[in-house]
Amino acid sequence: MSLFDCKMVMEKIYEYLDQELAETDKEQIDQHLADCNSCRAEFVLEQQITQKIISSSWNQISIDELVQRSFMQLSAEEEN
């Protein structure tokens, strides 16, 4: 049973994505994500957005436009 609840996981999700957590916190989040469909879905979405941002060219468009494009692309992928 995970000691982290949904709120705690969402508060630490970016640190988790950036691999900036202590091993014990990482293990707790791993366990929570394995057990919680809602948090796992949110994690997958945040992970996809992060990957899209990293793989996109920052120099050619504004960050707002990049985020908007990422959301539009993810939405289109979900429809397929």
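Buried residues have under 20% relative accessible area, exposed residues have over 50%, and partly exposed residues lie in between (1.4 Å probe, protein chains only).

**Figure 1. Overview of the predicted model.** Of the 80 residues of the protein, 26% count as buried. This is a predicted model, in which local features need pLDDT of at least 70 and side-chain atom pairs count only at pLDDT 80 or more, while totals for chains, interfaces and linings use all residues. Residues are numbered from 1 along each chain as its sequence is written, and side-chain values use heavy atoms, with hydrogens and water left out. The protein contains 4 helices and 0 strands, where helices (H or I, at least four residues) and strands (E, at least two) are DSSP runs numbered from the N terminus. Along the sequence the pattern is α-α-α-α. Among contacts (heavy atoms within 4.5 Å) with a separation of 6 or more, 49% join residues 24 or more positions apart. About 5,900 Å² of the protein is exposed, and carbon and sulfur atoms supply 50% of it; accessible areas follow the Shrake-Rupley method with a 1.4 Å probe, and for residues only the protein chains shown count as cover.

**Figure 2. Close-up of helix 1 and its two sides.** The 12 residues of helix 1 should span 16 Å at 1.5 Å a residue, and the end C-alpha atoms are 16 Å apart, which agrees; the expected span is 1.5 Å times one less than the number of residues. Val9, Ile13, Tyr16 and Leu17 are buried in helix 1. They cover an arc of only 85° around the axis, which puts them on the same side of helix 1; the arc is that of the directions from the helix axis to the C-beta atoms. An α-helix has 3.6 residues a turn, so residues three or four places apart point the same way. Lys7 and Glu11 are exposed on the other side of helix 1. The buried residues of helix 1 pack against helix 2 and helix 3.

**Figure 3. Close-up of Gln19 in the loop between helix 1 and helix 2.** The phi of Gln19 is near 55°, a positive value in a residue other than glycine. Most residues other than glycine have a negative phi. With 72% relative accessibility, Gln19 counts as exposed.

**Figure 4. Close-up of helix 2 (residues 23–35).** Ile29, His32 and Leu33 are the buried residues of helix 2. They cover an arc of only 95° around the axis, which puts them on the same side of helix 2. The face turned away from this buried side carries the exposed residues Thr24, Ala34 and Asp35. Helix 1 (6–17) and helix 3 (37–55) are included in what covers the buried residues of helix 2.

**Figure 5. Close-up of helix 4 (residues 63–79).** Helix 4 has 17 residues and reaches 24 Å from its first C-alpha to its last, close to the 24 Å expected at 1.5 Å a residue. Leu66, Ser70 and Leu74 are the buried residues of helix 4. They cover an arc of only 65° around the axis, which puts them on the same side of helix 4. Asp64, Met72 and Glu79 are exposed on the other side of helix 4. The buried residues of helix 4 pack against helix 3.
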